[in-house]
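Student: I want to go through this structure and ask what justifies each label. Please set the values against the definitions.

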Amino acid sequence: MPEGPEIRLAADKVAKVLVGNRVETVNFGLPQLKRFESRLAGNSVTAVETRGKAMLTRFDNGLTIYSHNQLYGRWYTVRRPRMPKTKRQLRVELCTASHKALLYSASDIAVLDDAGLSAHPFLARVGPDILDRSLTKSQIVERLQAPQFNNRALGGLYLDQAFLAGNGNYLRSEILWAAGIEPSRKPVSLTATEHEKLAAETLKIARRSYRSGGVTVTRELASQLKAKGLSRGRYRFYVFGREGQPCRRCETPIERGLMGSRNLFTCPTCQPL
């Protein structure tokens, strides 16, 4: 499943062809949304935003297309009149004079006004977007210390979209390893220094993954590993998916466990219980 960085990168591509441009035609593949086609056509897109794994395409008439990229939803952008080669089902088609933005396979789609956005069950419960440029280390520390979060195992908390929207499975393994924190520990057990370290690595790893297109290791390390002949899949992460391979910090074999019914990768030396 795509995580925050991948959703934001998809939003960037959509924004590049839509923002500031008039959408000439709108087509919805879901019957219940057909009534909005004429209300959106002829208007301009003012912004394409993300809230965790949801994308918001805002129009200048006050309406917004909400789409949640679940397991199979995917956006494409192409020059008109081309269409992508795919067997997926078309859900949304937004056409400007020169381009098309196309959403396939997603089923969680709605057209909402400002009141509808505020009342939407997903948007109403999610926390700050992990890639929000205004999100700070201090704000993350505050959330870690909040009563609803501070007594929960971090391995589970770091999948909860109410804590930080856009966090996901590979990010939690990478962040907790970078911060040197064992996943079963709870925020209430952390020292002030550990809180600061975890908050800093949360922002650093997520933003690096966004900038690099899904690579969480530093650019320097990635270059070194590529020079040794490693493929992207083998140099991309510090611990995620690397069970049995040596830790990039201490060379202890990486271990795989389950938490929240999802694979979780750790280094027993760098992340002592």
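Student: How do you know how many residues of each class are in the lining of the second largest pocket?
Tutor: By class, four lining residues are nonpolar, three are polar and four are charged. The model is a predicted one. The lining residues are R208, R211, S212, V215, V217, T218, R219, A222, S223, K226 and Y235. Tyr counts as nonpolar and Lys and Arg count as charged, so Y235 goes with the nonpolar residues and K226 with the charged ones.

Student: What makes R208 and the others part of the lining of this pocket?
Tutor: A lining residue has an atom within 4 Å of a pocket point, and R208 is therefore one of those listed. The space in this second largest pocket is about 270 Å³. Helix 8 (192–212) and helix 9 (219–227) are the elements that each give two or more residues to its lining. Helix 9 gives the most, with four residues.

Student: What makes strand 1 and strand 6 a pair?
Tutor: Two strands need at least two bridges to pair. Strand 1 and strand 6 (residues 90–95) have four bridges in the antiparallel sense, so the condition is met. Within this pair, V26 stands opposite L94 of strand 6. Both strands belong to an open sheet of four strands in the order 1-6-7-5, with antiparallel pairing.

Student: Why are strand 1 and strand 5 called edge strands?
Tutor: Strand 1 (25–28) and strand 5 (74–79) each pair on one side only. From one strand to the next, the twist of this sheet averages 15°.

Student: Which strands form the open sheet that has the order 2-3-4-8?
Tutor: Its strands are the four named in that order, again with antiparallel pairing. The edges are strand 2 (45–51) and strand 8 (108–112), each pairing on one side only. Ignoring direction, neighbouring strands here are turned by 15° against each other on average.

Student: How many bridges join strand 2 to strand 3, and how many join strand 3 to strand 4?
Tutor: Strand 2 and strand 3 pair over six bridges, antiparallel, with E49 opposite L56. Five bridges join strand 3 (residues 54–59) to strand 4 (residues 64–68), and I65 is the bridge partner of T57 there. Both counts satisfy the minimum of two bridges, so both are pairs. Strand 2 and strand 3 also form a hairpin with two residues between them, and G52 in the turn has a positive phi of about 65°.

Student: How does helix 1 run relative to strand 2?
Tutor: Helix 1 (residues 4–18) lies across strand 2 and strand 3, at about 180° to strand 2. Angles are taken between N-to-C directions and run from 0 to 180 degrees, so this value means the helix and strand 2 point in opposite directions.

Student: Why is the contact of R236 with E6 called a salt bridge?
Tutor: The closest N and O atoms of R236 and E6 are 3.8 Å apart, and the cut-off is 4 Å, so the pair qualifies. The count by this rule comes to eleven salt bridges. Side chains of opposite charge can pair when their charged atoms come close.

Student: What makes the peptide bond from R80 to P81 and the phi of S105 worth listing?
Tutor: Most residues other than glycine have a negative phi, and most peptide bonds are trans. The bond from R80 to P81 is cis, with omega near 5°; P81 is in the loop between strand 5 and strand 6. S105 is not glycine, yet its phi is positive, near 75°. S105 sits in the loop between strand 7 (99–104) and strand 8.

Notes: Residues numbered from 1 in each chain as written. Predicted model: local features only at pLDDT ≥ 70, side-chain atom pairs only at ≥ 80, totals over all residues. Heavy atoms only, no water. 1 Å grid on protein atoms, 1.4 Å probe; cavity = no way out; pocket = protein on both sides within 12 Å on 5 of 7 lines; lining within 4 Å. Points joined across faces, edges and corners; volume = space filled by probe spheres on them. Contact = heavy atoms within 4.5 Å. Salt bridge = Lys/Arg side-chain N within 4 Å of Asp/Glu carboxyl O.
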